[in-house]
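Student: I am new to this structure. Can you take me through it step by step?

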Amino acid sequence: LRSGASGPLIRGTLARQVLAWNAAAVPPKWEAEEISVLMPGAPVYDVRDFGAVGNGIADDTAAIQAAINAASAAGGGVVCIPQGTYLVTPSGSPSIALSMSGMQGVRIVGAGAITSVLKKNGTGTLLNMSGPSTDTSGNTHCKYCSIESLGLNGNTNTGTMLLTYYA
């Protein structure tokens, strides 16, 4: 399977998945139970259990942040963002929609960059994975965290999509 006239060649299992997705017209969903195999024994926090809708209209900021905070409070875990478009609104000063500052061992996992999307609803930063540069202890820095299979959409708004730094 070739992704375009000059695109990369896709072989094997991935090619079969792409063909199946195209035939079905809708990519398969990843559910919390399936994601739990990525980190055996780690708790899984499905953003829908915290009130996220994922329809691209409802503001899902508080629900997603609550799931991230719950994973952090447990000492780490997988935040499951199933298929859908999740609208998140930056707020505060500095203007940030979602923050992982000071968190450890939190993995945010979507069902695919095209099918699970965080869509920014305003100017500012969509996701902050940094801590203040004035903290030399490292306690406010994001450690051992990751974002996987998740699309980020700036929605024509100015600002940063993903903020990561160590000062």
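The questions and answers below go from confidence to the core and then to single residues.

Student: What kind of model is this, and what is the mean pLDDT of the chain?

Tutor: This is a predicted model, in which local features need pLDDT of at least 70 and side-chain atom pairs count only at pLDDT 80 or more, while totals for chains, interfaces and linings use all residues. Residues are numbered from 1 along each chain as its sequence is written, and side-chain values use heavy atoms, with hydrogens and water left out. pLDDT is the predictor's confidence in each residue, from 0 to 100. In this chain 69% of the residues reach 70 or more, and the mean pLDDT is 80.

Student: In which element is confidence lowest?

Tutor: Helices (H or I, at least four residues) and strands (E, at least two) are DSSP runs, numbered from the N terminus. Over residues 14-30 pLDDT stays under 50. Confidence is highest in S4, at 98, and lowest, at a mean of 45, in helix H1 (residues 12-24).

Student: How many Å does helix H3 reach from its first C-alpha to its last?

Tutor: H3 covers residues 61-73, which is 13 residues. The expected span of a helix is 1.5 Å times one less than its number of residues. For H3 the expected value is 18 Å, and the model comes close to it, at 18 Å.

Student: Which element gives the largest share of the largest nonpolar core?

Tutor: A nonpolar core is a set of buried (under 20% relative accessible area; exposed is over 50%, partly exposed in between, with a 1.4 Å probe and protein chains only) Ala, Val, Leu, Ile, Met, Phe, Trp, Tyr and Cys residues joined through side-chain atoms within 4.5 Å. The largest one has 25 residues, and Val-47 and Ile-64 are among those with the most contacts inside it. Elements that give it two or more residues include S3, S4 and strand S7 (125-128). The largest share, 5 residues, comes from H3.

Student: Which strands are included in what covers the buried residues of H3?

Tutor: The buried residues of H3 include Ala-63, Ile-64 and Ala-67. Val-47 is in contact (heavy atoms within 4.5 Å) with these three, leaving aside neighbours within four places in sequence. The cover of the buried residues of H3 includes strands S1, S2, S3, S4, S5 and S6.

Student: Is Ser-116 buried or exposed, and which backbone oxygen lies 2.9 Å from a polar atom of its side chain?

Tutor: Ser-116 is in strand S6, and it counts as buried because its relative accessibility is 0%. A polar contact is a pair of N or O atoms within 3.5 Å; within protein, one must be able to donate a hydrogen and the other to accept it, and residues adjacent in sequence count only if both atoms are side-chain atoms. The backbone oxygen at 2.9 Å belongs to Ile-81.

Student: Which residues does the cis peptide bond join?

Tutor: Most peptide bonds are trans. Here omega is about 0° at a bond in the model. One partner, Pro-94, is in the loop between S4 and S5. The cis bond joins Ser-93 and Pro-94.

Student: What is the phi of Asn-155?

Tutor: Most residues other than glycine have a negative phi. Asn-155 lies in the loop between S8 and strand S9 (162-163), and it is partly exposed because its relative accessible area is 27%. Although Asn-155 is not a glycine, its phi is positive, at about 55°.
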